[in-house]
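Here is a short report on one protein model. Look at the structure first, then read on.

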Amino acid sequence: MEALYLFYASIVFVAAVVAAALTMYAWRRRDAPAVAAFVWLMAATTGWATSNGARMISATPAAAIFWFRCVLSCIAVTPVLLLIFVVNYTGREKWLNPRRIALLFIVPILTLILNWTDSWHGLFIHNVTFMPITSFWAVAGWDAGLWFVAHTVYGYLLIAVSVALIVLTILRATQPYRAQAVFLLVGVLMPLTANVLVTFRLVPTTFNHITSVSFVAMGLVFAWAIFRYRFLDLMPMARDRVVDTMREAFMVLDRQDRLVDLNPAAQAIVGLTLSEAVGRPVAEALAPWQALVERFQPAAEAQAEIALERAGAQRYYDLRVSPLADKQGRVSGRLFFCTILPSACRRRPPNRPLCSER
């Protein structure tokens, strides 16, 4: 019995080593936001597995409950770290700012405080029982307090949001990003499933170690994704991260020549915000340049050099008009793409609104 128990404990420590190795490997690539979040996630996973292993080989009940509380502390912060990583990985880092991150950590911080002061109030766990296993003591069971229920619900809610974001990425992404996201989803679901089984006592007490064992599998899945699909070197990039930082202006029109999208550079040209512009006919949005609209409104595809004047300043652009097609090949709109031309074209006389047309 003791030999089998020590075998289980060794597997848990292997999980800790794998998680620590992934943490150190990712640390060298921490400049990217998603990778930095991955470092913190794997660091928490390392603490979780290490504490669980130490809990399994505790020589006294006091040591067992100490390491058990360490495990609960790591569990408290892991869902938040997972969500931050997934939000960054899926290119939605604009959702996060210091204030929102602080709000996300309110429940884990309260959990940490109540976990380590539980002997005063019993709001987290109480009536902890122990079970001797040859030379060691294991936590056999406990009664959940009100805050333990709240902390559990909050954690699973954050994990559910993370899983939903990963699934959306799988549905929308192309290779190799889709394969990355699939491995990420599989890795996350492994310890999640195991933790659900243990938390809600859906498995016998003798199988309580499957959560830690599942972290070995998660670490190996992440390691495979890192080395096979360059998981930490090649991340999917959200559309707005690319488009919103472009110096070039673009406008998307639907079949009725209504604006359906435009980036900040285009908003600066037309003098409208995104919410003000979307839904407007292009003739209305570009009313100051009515002659330009009339010239290109019928064109499905064109390229020309144009001059636009705004606030007394004139700038020259290379304008490209391209048709947009749906999956069936039917034209569903048009894309107007403007690039600022170098000074050579800007020296043309101001009464020449079209420098050249091809």
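Two strands pair if DSSP finds at least two bridges between them. Helices (H or I, at least four residues) and strands (E, at least two) are DSSP runs, numbered from the N terminus. The model is predicted: local features need pLDDT of at least 70, side-chain atom pairs count only at pLDDT 80 or more, and totals for chains, interfaces and linings use all residues. Residues are numbered from 1 along each chain as its sequence is written, and side-chain values use heavy atoms, with hydrogens and water left out.

**Strand 3 and its partners**

Strand 3 covers residues 249-254. Its two pairings are listed here.

| Partner of strand 3 | Sense | Bridges | Residues facing each other |
|---|---|---|---|
| Strand 4 (residues 259-262) | antiparallel | three | Val252 and Asp261 |
| Strand 7 (residues 331-340) | antiparallel | six | Asp254 and Gly333 |

Strands 3 and 4 form a hairpin with four residues between them. Within this hairpin, Asp257 has a positive phi near 60°.

How many residues of strand 3 are buried? Six of its six are (buried means under 20% relative accessible area, exposed over 50%, partly exposed in between, with a 1.4 Å probe and protein chains only). In a regular strand, side chains alternate between the two faces of the sheet. Here both faces are covered. Ala249, Met251 and Leu253 are buried on one side. Phe250, Val252 and Asp254 are buried on the other.

**A cavity beside the strand**

A cavity is a set of points on a 1 Å grid over the protein atoms alone, where a 1.4 Å probe fits but cannot get out. Two cavities reach 30 Å³ or more. The second largest holds about 180 Å³ of space, a volume being the space filled by probe spheres set on the points. It is lined by 19 residues (each with an atom within 4 Å of a point). Closest to its centre are Met251, Leu286, Leu292, Leu319 and Phe336. Strand 3 and strand 7 each give two or more residues to this lining, as do helix 11 (264-270), helix 14 (290-296) and strand 5 (302-310).

**Helix 8 and the cysteines**

Helix 8 (residues 177-199) has 23 residues. From its first C-alpha to its last it reaches 33 Å, close to the 33 Å expected at 1.5 Å times one less than its number of residues. Arg201 follows helix 8, with a positive phi near 55°.

There are zero disulfides (pairs of cysteine sulfur atoms within 2.5 Å). For Cys70, the nearest cysteine sulfur is that of Cys74, 7.0 Å away. Cys70 counts as buried because its relative accessibility is 14%. Cys338 is buried too, at 8%.

Definitions and conventions. On a 1 Å grid over the protein atoms alone, a cavity is a set of points where a 1.4 Å probe fits but cannot get out, and a pocket is an open set with protein on both sides within 12 Å along at least five of seven lines; lining residues have an atom within 4 Å of a point.
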